[in-house]
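Please read the report below alongside the sequence and the three-dimensional view. It moves from the overall make-up to the helices, the sheet and a few points of backbone geometry.

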Amino acid sequence: MRPKEHGNKLKSKKMAKKKSDKKVTRVEGGSSQPEEQKSSGTFRPTEESKGKAKQLRLFAILSWILALGAQGGAIYLLFQPPVNMTWLIVLIVVDLILAIVGAQLWKKSNRLDPPSEKNSFLFFMQSQLGLVAAIIAFLPLIIFIFTSKNLDKKQKGIVGGIAVVALLIAGIAGVDFNPPSVEQYTEQTKYVEKINNNQNLVYWTKSGTVYHLESGCSYINTDRTDEIFEGTVAQARELKNITNLCSLCERRALKNNNLDKSEIEQEVEAEMESEAQGENNTTKTDSTQN
Ligand SMILES: [Zn+2]
């Protein structure tokens, strides 16, 4: 790894960046290190990220299979009169926990190895598989509960209500409200590089919701913060699910480099279009570059 000072070597005669006097930690793992990501084209996860994502997906699927098992057990109970209400509720809760765990693992895997938006059906399925899994994990049971001949009205109201609420909770937990995509990572990285002297290097804090271009940004140099993390745009997303750039840092960078936001955005868009068109060629040349 290169020494921390490499940021100073930039040919920038522009205003110096504010440095933090807090502890700045370069994050490890996740996406490739900032140096390797320079002048990036389309975002590609590292082998390490891919491996981790694969593992998370396996565990997610395993959780969902176990959730289906819990649901199967609950349905089985419905056919064993008199129905054991306690066990029925226990199995619904187990089903719910497993569905949520699976969805969280699945969403994290997508942040490490995001799908492409090119095929909108596949993109939806991969991004929102947690929601799909929630429906599969509860809808059959709900139908069986309300059509069961072994439950009276009151019992149907109780367990049916619990199962519907569980479906809603699992469904909401399963939705990815801001699903990551290859295109989004590429776009955000390019934008940051363009306004940040070609550097894909950002800063964030443990509790932060935005990433910063300057470790000395006043928003993260408060008394509440004692450690600042440094990494790529993709790493901020992978590790902390941070998707937005600090508006103060953005304004400063645009002003210091005399840039116009909409112009940069157009540039990024144009690059992404041309890369999307020439993608088949670049994948071929990339493999020979190693
Ligand atoms: Zn900032």
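## Overall make-up

Of the contacts in the protein with a separation of 6 or more, 79% are accounted for by residues 24 or more positions apart. The model is a predicted one, and in it the protein has 10 helices and five strands. Buried residues make up 33% of its 290 residues.

## Helix α1 and what covers it

Helix α1 takes in 32 residues, from 47 to 78, and at 1.5 Å a residue it should span 46 Å; because its end C-alpha atoms are 47 Å apart, the expected and modelled spans agree. The loop between α1 and α2 contains Pro-82, and the peptide bond that leads from Pro-81 to Pro-82 is cis, with omega near -5 degrees.

The buried residues of α1 are Ser-49, Ala-53, Leu-56, Arg-57, Ala-60, Ser-63, Trp-64, Ala-67, Ala-70, Gln-71, Ala-74 and Leu-77. Their cover includes α2 (85-112), α4 (129-147) and α7 (233-240).

## The pairing of α4 with α5

The axes of α4 and helix α5 (residues 153-174) come within 8 Å and cross at roughly 170 degrees. Since angles over 145 degrees count as roughly antiparallel, that crossing makes α4 roughly antiparallel to α5. On the α4 side, the residues that make the contact include Gly-130, Leu-131, Ile-135, Phe-138, Leu-141, Ile-142, Ile-145 and Phe-146, while those of α5 include Lys-156, Val-159, Gly-160, Ala-163, Val-164, Leu-167, Ala-170 and Gly-174. By class, the contact has 18 nonpolar, four polar and one charged residues.

## The three-stranded sheet

Three strands form an open sheet in the order β1-β4-β2, with mixed pairing. Strands β1 (23-26) and β2 stand at the edges with a single partner strand each, so one side of each is left without a neighbour in the sheet. From one strand to the next, the twist averages 35 degrees. Strands of a sheet pair through backbone hydrogen bonds, in either a parallel or an antiparallel sense.

Strand β2 (residues 202-205) and strand β4 (residues 227-231) pair in the antiparallel sense over four bridges. Within this pairing, Val-202 has Gly-231 of β4 as its bridge partner, and Trp-204 has Phe-229 of β4. Val-202 and Trp-204 point one way from β2, whereas Tyr-203 and Thr-205 point the other way, and all are buried.

## Helix α7 across the sheet

Helix α7 lies across β2 and β4, and runs at about 20 degrees to β2. This helix is mostly covered, as six of its eight residues are buried, namely Val-233, Ala-234, Gln-235, Ala-236, Arg-237 and Glu-238. These buried residues pack against α1, α2, α6 (182-195), β2, β3 (210-211) and β4, and α7 is in turn among the elements that cover the buried residues of α1.

Within helix α7, is Ala-234 buried or exposed? Ala-234 has 29 other C-beta atoms within 10 Å, and it is buried because the cut-off for that class is 20 or more. Ala-234 and Gln-184 are 50 residues apart in sequence, yet their C-alpha atoms are 9.8 Å apart in space.

## Backbone geometry in the loops

Most residues other than glycine have a negative phi, and most peptide bonds are trans. Against that background, two asparagines may be considered together with the cis bond from Pro-81 to Pro-82. Asn-198, in the loop between α6 and β2, has a positive phi near 65 degrees. Asn-241 comes just after α7, in the loop between α7 and β5 (244-245), and its phi is likewise positive, near 55 degrees.

How exposed are these asparagines? Asn-198 counts as partly exposed, because it has 14 C-beta neighbours inside 10 Å, a count that falls between the limits of 12 or fewer for exposed and 20 or more for buried. Asn-241 is also partly exposed, with 14 other C-beta atoms within 10 Å.

Definitions and conventions
Residues are numbered from 1 along each chain as its sequence is written. This is a predicted model: local features need pLDDT of at least 70, side-chain atom pairs count only at pLDDT 80 or more; totals for chains, interfaces and linings use all residues. Helices (H or I, at least four residues) and strands (E, at least two) are DSSP runs, numbered from the N terminus. The expected span of a helix is 1.5 Å times one less than its number of residues. Two residues are in contact if their C-beta atoms, placed from the backbone, lie within 7 Å. Axes are lines fitted to C-alpha atoms, for helices over the stretch in contact, and angles run from 0 to 180 degrees between N-to-C directions. Angles under 35 degrees count as roughly parallel, over 145 as roughly antiparallel, 65 to 115 as roughly perpendicular and the rest as oblique. Ala, Val, Leu, Ile, Met, Phe, Trp, Tyr, Cys and Pro count as nonpolar, Asp, Glu, Lys and Arg as charged, and the others, Gly among them, as polar. Two strands pair if DSSP finds at least two bridges between them.
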